[in-house]
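Trainee: Got a minute to walk me through this one? I'd like the basics and then the odd spots.

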Amino acid sequence: MNQSSTESALPSNFTFSQSSLQAYENCARRFWLAYVEKLPWPAVEASPIQEHEELLRLGSLFHRLVERAEIGLDVEQLQYRLEPPLADWFRAYVQHRPDDLPDTYVEPERILTVPFGREAQPFRLAAKYDLIAADGGGRVVIVDWKTTRRRTDPGSLRRRLQTLVYPYVLVEASASLPFGPIQPEQVEMLYWFAVAPLQPFRIRYDSIQHENNRKRLAGLLDQILAGSQEEDFPKVADTETNRRHICGYCVYRSRCNRGIEASDVEELDDLEEFFGLDLESALEFTLDDVDELAF
């Protein structure tokens, strides 16, 4: 791609999310290939591929069921027609949905975006929330439903850019929401695990985190926009650990001479660590794709 800069390579309506920023942080070359070159690469993400695809499909079905339940549709009877593990996950939700969530405003599957970048480059940062639960002028809880094989290590969740981006975007977009504007201290994020429904992981938010997150996000964007060609987006260091935990789940690994065999799906705690084969869905939002925005 003969673009003079990364700025012109990214479309003017490109909208970042935690997925693209996490891709850059994990491996800058991965970001370049996926989001600038938009290069499809027919590599298997994980082995066995059929199991990987089935887990992704079931996770998507679970989120759709929960969305319908959250908007008040009568879906409880569905659990008796479902098969494991989906039946087990949905039963865990029905029986152990967190009982302390605010209930004045309950918004499932909500997309919010906020300005992201320099004035001359009007990018946006988006977050798609499984659930936002809020009281007027009180608590606001971000809930992320997890259908992982195991309860993800809290340290890993704290380091994940999702944990940074979601509360940041919510606070920045909150002036246009029915329960806003809100302060960072009102926000908490809750990761709920279908395999461990009584052990959710809560993260409190505050103003210090918010300003630190603002600086970190700005720094990531500056790094991305400073590059103008593929060489400015280096591959992650070639170590055994990186080959196993990053390259092994990347569709570009053979292109980068980082091995042919996919890593085993059994070794992952969280399917979100995959890098999507389906670039149509893996590539980020543009403003034309987003139906529901907060400015």
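**Two helices and beyond**

Mentor: Helices α2 and α3 are oblique to each other, because oblique covers whatever is left after roughly parallel (under 35 degrees), roughly antiparallel (over 145) and roughly perpendicular (65 to 115). Their axes cross at roughly 135° and come within 5 Å. Helix α2 is residues 18-26, and α3 is residues 28-36. An axis here is a line fitted to C-alpha atoms, for helices over the stretch in contact, and angles run from 0 to 180 degrees between N-to-C directions.

Trainee: Which residues in α2 meet α3?

Mentor: From α2, they are S19, S20, A23, Y24 and N26. On the α3 side they meet A28, R30, F31 and Y35. Contact means heavy atoms within 4.5 Å. The residues of this contact divide into 5 nonpolar, 3 polar and 1 charged. Nonpolar is Ala, Val, Leu, Ile, Met, Phe, Trp, Tyr, Cys and Pro; charged is Asp, Glu, Lys and Arg; the others, Gly among them, are polar.

Trainee: Before I go on, what kind of model is this?

Mentor: This is a predicted model: local features need pLDDT of at least 70, side-chain atom pairs count only at pLDDT 80 or more, and totals for chains, interfaces and linings use all residues. Residues are numbered from 1 along each chain as its sequence is written, and side-chain values use heavy atoms, with hydrogens and water left out.

Trainee: How many helices and strands does the chain have?

Mentor: It has 10 helices and 8 strands. Those are DSSP runs numbered from the N terminus: H or I of at least four residues for helices, E of at least two for strands.

Trainee: What share of the chain is buried?

Mentor: 49% of the 295 residues count as buried. Buried is under 20% relative accessible area, exposed is over 50%, and partly exposed is in between, using a 1.4 Å probe and protein chains only. Among contacts with a separation of 6 or more, 71% come from residues 24 or more positions apart.

Trainee: Where does V36 lie?

Mentor: V36 lies in helix α3. V36 is buried, with a relative accessible area of 1%. V36 and E230 are 194 residues apart in sequence, yet 9.3 Å apart in space, C-alpha to C-alpha.

Trainee: Switching to cysteines. How many disulfides does the count come to?

Mentor: The count is 0 disulfides. The rule asks for a pair of cysteine sulfur atoms within 2.5 Å.

Trainee: Why is there no bond for C250?

Mentor: Its closest cysteine sulfur is in C256, 6.5 Å away, so that is too far for a bond. For C256, the closest cysteine sulfur is in C27, at 6.3 Å, also too far. C250 counts as buried at 7% relative accessibility. C256 counts as buried too, at 11%.

Trainee: Now the odd spots. Which peptide bond is cis?

Mentor: The bond from P84 to P85 is cis, with omega near 0°. P85 is in the loop between α4 (49-70) and α5 (86-96). The bond from G180 to P181 is cis as well, with omega near 0°. P181 is in the loop between α7 (161-173) and β6 (187-193).

Trainee: And what about phi at K38?

Mentor: K38 has a positive phi of about 50°, although it is not a glycine. Most residues other than glycine have a negative phi, and most peptide bonds are trans. K38 is in the loop between α3 and β2 (46-47). K38 is partly exposed, at 45% relative accessible area.

Trainee: Where does E109 lie?

Mentor: E109 lies in strand β3, residues 105-115. E109 also has a positive phi of about 50°.
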